[in-house]
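Here are my notes for a colleague opening this entry for the first time. They are set out as numbered points, to be read beside the structure.

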Amino acid sequence: MRFFQTFFVLLAAGTLPVRASSCRPFPSSMNEFSAGFQQPDPPIIKAEYQASFIQHKWNQNLSHITNGYIYNSPSQNYVRADEAFEGSLASSFFNYTNSTNDGLVDNTLTTYNHNSTKPTIWQGFVNSNFPLFPEDILVTNNAVFGGLVRRQFNEGLVATWDILYQGVYPVTVYVSNCNIMVGYDYFYPELRTRVITEYFNIKA
């Protein structure tokens, strides 16, 4: 019961956009069609955060939309995602201290179905839809600036940065002018799968 109460309080709180007015705006040299454009250096991001999120994953065989609350903690090597989808509540704990050489991560998934009183618990190694983002991920992956864009849940422009996550998966990371990550998109080549994730109500 405590899980349900906490989960819905967090979802209800996630209605406000990120406000970046207290931070320096992006310089005009980051406008990709400016005569004074210069490829900017990738920033160090604020990596310890929690946020409300909405995520859509799809390919020719599925369309899966989920929303909830996420915790990203590189200092403790874990990502936790509490989410609601298709009449169920679930909590996924991704333990990045226990990962395989090919990038699979230990996941404990606790699911509450709408018609059950006890949770279902599963543990195994997965390709996570919720990567762990350390503060230097853009620097160490030699991120390429992809331009300034607008996102649905954020005020003003955000910067896009393109990397190959684990050297394999194309990922676009969206970063505000406060160096706060506000979402990410990626493409999973083997299954021809696209995933988009947006954050709001971010606490960095």
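1. Arg80 and Asp82 are joined through their side chains by a salt bridge, with a distance of 2.7 Å from N to O. The model is a predicted one, so side-chain atom pairs such as this count only at pLDDT 80 or more. The two partners differ in cover: Asp82 is buried at a relative accessible area of 3%, whereas Arg80 is partly exposed at 30%.

2. How many salt bridges does a search of the whole structure find? The count is three. Apart from the pair in point 1, there is a salt bridge between Asp185 and Arg151, whose closest N and O atoms are 3.8 Å apart. Asp185 belongs to strand β10 and Arg151 to the loop between β7 and β8 (157–165), so this contact ties together parts that lie 34 residues apart in sequence. Both ends are covered: Asp185 counts as buried with 4% relative accessibility, and Arg151 counts as buried with 12%.

3. Asp185 also forms a salt bridge with Arg194, and here the closest N and O atoms are 3.6 Å apart. Arg194 is partly exposed, its relative accessible area being 32%. Taken together, Arg151, Asp185 and Arg194 make up a network of salt bridges.

4. Arg194 also leads into the strand pairing. Strand β11 spans residues 193–203 and is mostly covered, with eight of its 11 residues buried. On one side, β11 pairs with β1 in the antiparallel sense over eight bridges, and Trp58 is the residue that stands opposite Arg194. With β10, the pairing of β11 is again antiparallel and runs over six bridges; there Arg194 is the bridge partner of Phe187.

5. Which residue in the turn between β10 and β11 has a positive phi? The two strands form a hairpin with four residues between them, and Arg192 in that turn has a positive phi of about 50 degrees.

6. The wider setting is an open sheet of 11 strands. Its order is β6-β5-β4-β3-β2-β1-β11-β10-β9-β8-β7, and the pairing is antiparallel. The edge positions are taken by β6 (120–126) and β7 (144–150); each has a single partner strand, so one side of each is left without a neighbour in the sheet. From one strand to the next, the twist averages 20 degrees. As a general reminder, strands of a sheet pair through backbone hydrogen bonds, in a parallel or an antiparallel arrangement.

7. At the β6 edge, the partner strand is β5, residues 105–113, and the two pair in the antiparallel sense over seven bridges. One of the matched pairs is Thr111 with Thr120, the latter in β6.

8. Along the chain, the protein has two helices and 11 strands. Starting at the N terminus, the elements follow the order α-β-β-β-β-β-β-α-β-β-β-β-β.

9. The structure contains one disulfide. Which cysteines form the disulfide? They are Cys23 and Cys178, with sulfur atoms 1.8 Å apart. The link of Cys23 and Cys178 is right-handed, at 110 degrees about the S-S bond. Cys23 sits in the loop between α1 (2–13) and β1 (49–59), while Cys178 sits in the loop between β9 (169–175) and β10 (181–188), so the pair ties together parts that are 155 residues apart in sequence.

10. Are the two cysteines buried or partly exposed? Cys178 is buried, with a relative accessible area of 9%. Cys23 is partly exposed, with 23%; it is not counted as buried because that term requires a value under 20%.

11. Some totals for the protein complete the picture. Of its 204 residues, 45% are buried. Among contacts with a separation of 6 or more, 48% are between residues 24 or more positions apart. The accessible surface is about 11,200 Å², and carbon and sulfur atoms hold 52% of that surface.

Conventions:
Residues numbered from 1 in each chain as written. Predicted model: local features only at pLDDT ≥ 70, side-chain atom pairs only at ≥ 80, totals over all residues. Heavy atoms only, no water. Disulfide = S-S within 2.5 Å. Buried < 20%, exposed > 50% of the residue type's maximum accessible area, 1.4 Å probe, protein only. Contact = heavy atoms within 4.5 Å. Areas by Shrake-Rupley, 256 points an atom, 1.4 Å probe, with all protein chains shown as cover. Pairing = 2+ DSSP bridges. Axes fitted to C-alpha atoms, helices over the stretch in contact; angles between N-to-C directions. Salt bridge = Lys/Arg side-chain N within 4 Å of Asp/Glu carboxyl O.
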